[in-house]
Amino acid sequence: MTLADIGFDAEFEQAFAALAVAPGFAGRVTRIDADQAQLVTDSGEATARVPRRVVRVEPGRPVTGDWVACSASAEPVVSAVLPRRSELVRRAAGRRARPQVLCTNVDVLFVVMGLDGDFNLRRLERYLTLAADGRMKPVVLLTKAGLCADPAARAAEARGVACGVDVYAIDVLAGIETDAPVRHLGPGITAAAVGSSGAGKSTLVNFLMGSDRMRVDAVRAHDDRGKHTTTHRELMLLPQGGAIIDTPGMRELGLWAEGEALETAFPDVIALSSGCRFRDCRHQTEPGCALRAAVQKGGLDAARLASYIALGKELERRSNPTRRG
Ligand SMILES: Nc1nc2c(ncn2[C@@H]2O[C@H](COP(=O)(O)OP(=O)(O)OP(=O)(O)O)[C@@H](O)[C@H]2O)c(=O)[nH]1
Ligand SMILES: [Mg+2]
Ligand SMILES: [Zn+2]
């Protein structure tokens with residue numbers, strides 16, 4: 001394995017060479033435990049300490065997926081984090097508005113959603129907005145197709161909100177459409193699996209790894225919720241080249257994104273809104289609102305419009321954190 005196999009391309013190499021830190025070695029963070037970073041390097045696995053202050057273009061600590069520079073000492077220390085190509089960021093839990101970077105340098109974001117009680121179009125829109133903001137290519141994987149009476153209908157519903165994003169109904173255990181995620185992987189590519197607890201992220205990762213690398217556990221029978229089996233984010237090297245990051249199921253997925261992310265995630269709504277009489281139409285009570293008119297004519301789902309408005313308000317609160325509403 002070389003670092004190029006997991007995405008260390010010319011751009012990252014240049015960034016590494018240009019660092020104003022003592023020459024050391026480059027590595028990719030597979031996992032963070034307190035102040036210890038697990039890394040893969042050209043000469044195998046390594047552990048490095050993460051000091052309080054790390055050189056980085058923006059403030060923050062290294063996370064799973066980061067490319068870092070380390071001192072070449074007996075006990076290596078992370079000296080710098082290379083500029084990130086993409087980041088998965090959510091609003092951290094708690095009252096204070098602040099971002100939490102979950103993982104970085106992800107090319108393909110597998111949005112994993114079970115075709116059991118987990119299926120939820122509004123949550124899907126949230127994930128697609130995060131993918132757009134974080135500069136990742138989303139791929140929707142509807143898992144447990146074998147447990148669903150009409151997986152094709154569900155996939156069609158998901159395509160209705162995913163606007164051009166690939167959507168597959170798969171079943172890892174029953175062997176339905178399992179080639180679909182594989183086609184999005186390969187040397188140099190990093191994927192990450194996100195979704196609710198119990199959606200089947202670790203089951204998918206184990207399938208792709210070809211081994212029971214991650215622990216999986218059954219969902220609760222009464223509501224199909226998972227038991228938060230995976231508790232840390234971890235990057236693994238895939239046997240077919242490239243890497244995959246498994247993540248813990250998310251209880252809360254607060255949006256932390258730029259407004260433009262909504263334009264990518266809701267292109268249908270944006271296109272219709274150019275017909276609103278007022279340029280700053282909030283699509284609520286204004287006369288001549290093309291979106292409300294489209295809902296009445298059946299050209300736009302009322303729930304999708306409500307979701308678009310609600311996510312927009314959530315993003316506004318990010319830029320004005322003191323505002324409540
Ligand atoms: N039938 C079927 N069951 C699946 C599939 N994928 C996952 N499961 C089952 O769903 C349960 C939860 O799977 P996990 O892979 O642990 O889910 P997870 O998303 O990693 O959950 P957390 O780690 O808690 O976030 C397990 O019992 C799996 O066997 C699938 O494609 N088909
Ligand atoms: Mg898991
Ligand atoms: Zn309007």
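Let's start inside helix H2 (residues 121–133), where Leu124 is found. This is a predicted model, so everything below describes computed geometry. Leu124 counts as buried because 24 C-beta neighbours lie inside 10 Å, and 20 or more is the mark for a buried residue. Leaving out residues up to four places away in sequence, Leu124 touches Val111, Met113, Val140, Ala158, Val161 and Ala162. For a sense of scale, the C-alpha atoms of Leu124 and Asp66 are separated by 26 Å, with their positions 58 residues apart along the chain.

**The nonpolar core**

In soluble globular proteins, nonpolar side chains tend to be buried together. Here the largest nonpolar core has 83 residues. Which residues have the most contacts inside it? They are Leu142 and Ala192. Setting aside neighbours within four places in sequence, Leu142 is in contact with ten residues you can pick out in the viewer: Met113, Leu115, Pro151, Arg154, Ala155, Ala158, Val167, Tyr168, Ala169 and Ile170. Met113 and Ala158 are among the contacts of Leu142, and they are also among those of Leu124.

**Two open sheets**

Five strands make up an open sheet in the order E3-E2-E1-E4-E5, with antiparallel pairing. Its edges are strand E3 (44–49) and strand E5 (78–81), each of which pairs on one side only. On average, neighbouring strands of this sheet are turned by 45° against each other, direction ignored. Within the sheet, strand E1 (residues 25–33) and strand E2 (residues 36–41) are joined by 5 bridges, and Ile32 stands opposite Ala37 in E2.

Just before E1 in the chain comes a loop from helix H1 (10–17), and Ala18 lies in that loop. Is Ala18 buried or exposed? Ala18 counts as exposed, because it has 8 C-beta neighbours inside 10 Å and the limit for exposed is 12 or fewer. Ala18 and Leu82 are 64 residues apart in sequence, yet their C-alpha atoms are 10.0 Å apart in space.

Another open sheet has 3 strands in the order E7-E6-E14, again with antiparallel pairing. Strand E7 (99–104) and strand E14 (254–255) are the edge strands, each pairing on one side only. Strand E6 (residues 87–91) meets E14 over 2 bridges, and the bridge partner of Arg91 in E14 is Gly254.

**Strand E13 and its partners**

Strand E13 (residues 243–246) pairs with E12 in the antiparallel sense, while strand E11 (residues 190–194) runs parallel to E13. The table sets out these two pairings beside two from the open sheets.

| Strand pair | Sense | Bridges | Facing residues |
|---|---|---|---|
| E12 and E13 | antiparallel | 4 bridges | Leu237 and Ala243 |
| E11 and E13 | parallel | 4 bridges | Ala191 and Ile244 |
| E1 and E2 | antiparallel | 5 bridges | Ile32 and Ala37 |
| E6 and E14 | antiparallel | 2 bridges | Arg91 and Gly254 |

E12 and E13 form a hairpin with 5 residues between the strands, and Gly241 in this hairpin takes a positive phi near 95°. In a regular strand the side chains alternate between the two faces of the sheet. In E13, Ala243 and Ile245 point one way, Ile244 and Asp246 point the other way, and all are buried.

**Two histidines with positive phi**

Most residues other than glycine have a negative phi. His228 has a positive phi of about 50°, and His283 has a positive phi near 60°. His228 is found in the loop between H5 and strand E12 (234–237), whereas His283 lies in the loop between helix H7 (267–273) and helix H8 (290–297). How are their surroundings classed? His228 is partly exposed because 14 other C-beta atoms lie within 10 Å. His283 counts as buried because it has 20 C-beta neighbours inside 10 Å.

**Around ligand 1**

Finally, have a look at ligand 1. There are 26 residues around ligand 1, and those that come nearest are Gly200, Ser202, Val216, Thr230 and Gly249. By residue type, the shell divides into 8 nonpolar, 13 polar and 5 charged. Which element gives the largest share of this shell? That is helix H5 (residues 201–209), which supplies 3 residues.

Technical notes. Residues are numbered from 1 along each chain as its sequence is written. Chains are lettered from A and ligands numbered from 1 in the order in which they are written. This is a predicted model: local features need pLDDT of at least 70, side-chain atom pairs count only at pLDDT 80 or more; totals for chains, interfaces and linings use all residues. Two strands pair if DSSP finds at least two bridges between them. Axes are lines fitted to C-alpha atoms, for helices over the stretch in contact, and angles run from 0 to 180 degrees between N-to-C directions. A residue is near a molecule or strand if its C-beta atom, placed from the backbone, lies within 6 Å of it. Ala, Val, Leu, Ile, Met, Phe, Trp, Tyr, Cys and Pro count as nonpolar, Asp, Glu, Lys and Arg as charged, and the others, Gly among them, as polar. A nonpolar core is a set of buried Ala, Val, Leu, Ile, Met, Phe, Trp, Tyr and Cys residues joined through C-beta atoms within 7 Å. Two residues are in contact if their C-beta atoms, placed from the backbone, lie within 7 Å.
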